[in-house]
Amino acid sequence: MKLKNIIFAFTLTLFVAQLSWSQTFEVPENVKLEVAEDYVKHEPQIVDCINWLENTPMSEEADKRLMANAYVMKWATGTTTVTISMQSFQVDLTTKNPELLIVFIGGWIKYAIENPDDKDNVEAGNISGINSLIKVYSANKGNGLKKDKRIEKLIKMDASELKNWVAEQLK
């Protein structure tokens with residue numbers, strides 16, 4: 001009985017923390033990204049922004065979502081510390097739901113920032129991007145996102161199968 005109470009309290013705490021965190025994130029305004037140091041300085045905010053994009057239902061705060069997407073894209077296109085290599089299979093995964101492309105890119109960016117020693121690992125970046133895409137797709141399917149058989153197949157894969165699938169796509 002005690003373990004159940006502890007688990008419940010822990011889960012409730014995480015839920016409340018997530019709820020309050022998602023409500024307090026604000027997209028930075030008048031961002032100046034001109035030199036490499038500017039991009040590095042914004043890394044914590046970029047991770048917060050990506051987390052917000054992943055955890056906020058797509059049907060909520062449409063204007064803020066557009067600004068957040070623009071902020072991530074502005075950072076992604078100018079940074080010299082994170083390189084994302086785009087492949088046709090990634091684009092194919094977002095054909096039915098184009099808004100998932102920025103989610104994929106965000107997942108890769110977050111992985112690279114949080115794992116600086118492994119930031120150039122293309123396979124790990126792809127897996128992280130796909131995991132972010134799956135998370136957002138699963139939370140929003142039927143509520144702003146269309147069903148996609150390709151993503152549904154990925155959802156059914158375990159970590160090892162997904163790793164093998166990504167490796168095959170990268171050949």
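Select Lys163 to begin: this residue lies in helix 9. The model on display is a predicted one. Lys163 has a relative accessible area of 41%, which lies between the 20% and 50% cut-offs, so the residue is partly exposed. Now add Glu123 and Ile127 to the selection; Lys163 touches both, when residues up to four places away in sequence are not counted. Ile127 stands 36 residues from Lys163 along the chain, yet the C-alpha atoms of the two are separated by 6.8 Å.

**Helix 7 and helix 9**

Extend the selection to helix 7 (122–140) and helix 9 (159–169). The axes of helix 7 and helix 9 come within 10 Å and cross at roughly 120°. This angle is over 115 degrees and not over 145, and helix 7 is therefore oblique to helix 9. The crossing of the two helices is right-handed. To display the contact itself, show Glu123, Asn126, Ile127, Ile130 and Asn131 on helix 7, together with Leu162, Lys163, Trp165, Val166 and Ala167 on helix 9. The starting residue, Lys163, is thus one of the residues that make this contact.

**The whole chain**

Return to the full view and colour by secondary structure. The protein chain comes to nine helices and zero strands. Of its 171 residues, 39% count as buried. Among contacts between residues at least 6 apart in sequence, 66% join residues at least 24 apart.

**The nonpolar core**

Which residues have the most contacts inside the largest nonpolar core? Select Trp75, Leu100, Ile109 and Ile130, which hold that place in a core of 39 residues. At least two residues of this core are supplied by each of helix 3 (43–55), helix 4 (62–78), helix 6 (100–114), helix 7 (122–140), helix 8 (149–155) and helix 9 (159–169). Helix 6 gives the largest share, nine residues.

Centre the view on Ile109. Leaving aside neighbours within four places in sequence, Ile109 is in contact with Ile46, Ile50, Val72, Trp75, Ala76, Val82 and Ile84.

**Helix 6 and helix 3**

Select helix 6 as a whole. This helix is mostly covered, with 13 of its 15 residues buried. At 1.5 Å a residue, its 15 residues should span 21 Å, and the end C-alpha atoms are indeed 21 Å apart, so the two values agree.

Next, add helix 3. For the 13 residues of helix 3, the span expected at 1.5 Å a residue is 18 Å; the end C-alpha atoms are 18 Å apart, which agrees. Which residues of helix 3 are buried? They are Glu43, Ile46, Val47, Cys49, Ile50, Asn51, Trp52, Leu53 and Glu54.

With both helices shown, look along the place where they meet. Two packed helices are described by the angle between their axes and the distance between the axes. The axes of helix 3 and helix 6 come within 10 Å and cross at roughly 140°. Helix 3 and helix 6 are therefore oblique to each other. Their crossing is left-handed. On helix 3 the contact is made by Glu43, Ile46, Val47, Ile50, Asn51 and Glu54, and on helix 6 by Gly106, Gly107, Ile109, Lys110, Ile113 and Glu114.

**Loop residues**

Move to His42, placed in the loop between helix 2 (36–41) and helix 3. Is His42 buried or exposed? Its relative accessibility is 10%, under the 20% cut-off, so His42 counts as buried. Show Val31, Leu33, Tyr71 and Trp75 as well: His42 touches these residues, not counting those up to four places away in sequence.

Two further loop residues are worth selecting for their backbone angles. Most residues other than glycine have a negative phi. Asn30, in the loop between helix 1 (2–24) and helix 2, has a positive phi of about 50° although it is not a glycine. At 73% relative accessibility, over the 50% cut-off, Asn30 counts as exposed.

Finally, select Glu61, in the loop between helix 3 and helix 4. Phi of Glu61 is near 50°, a positive value in a residue other than glycine. Glu61 is partly exposed, with a relative accessible area of 40%.

Note on methods:
Residues numbered from 1 in each chain as written. Predicted model: local features only at pLDDT ≥ 70, side-chain atom pairs only at ≥ 80, totals over all residues. Heavy atoms only, no water. Core = buried A, V, L, I, M, F, W, Y, C linked by side-chain atoms within 4.5 Å. Buried < 20%, exposed > 50% of the residue type's maximum accessible area, 1.4 Å probe, protein only. Helix = DSSP H or I, 4+ residues; strand = E, 2+ residues; numbered from the N terminus. Contact = heavy atoms within 4.5 Å. Expected span 1.5 Å × (residues − 1). Axes fitted to C-alpha atoms, helices over the stretch in contact; angles between N-to-C directions. Parallel < 35°, antiparallel > 145°, perpendicular 65-115°, else oblique. Left-handed = near helix turned anticlockwise from the far one by under 90°.
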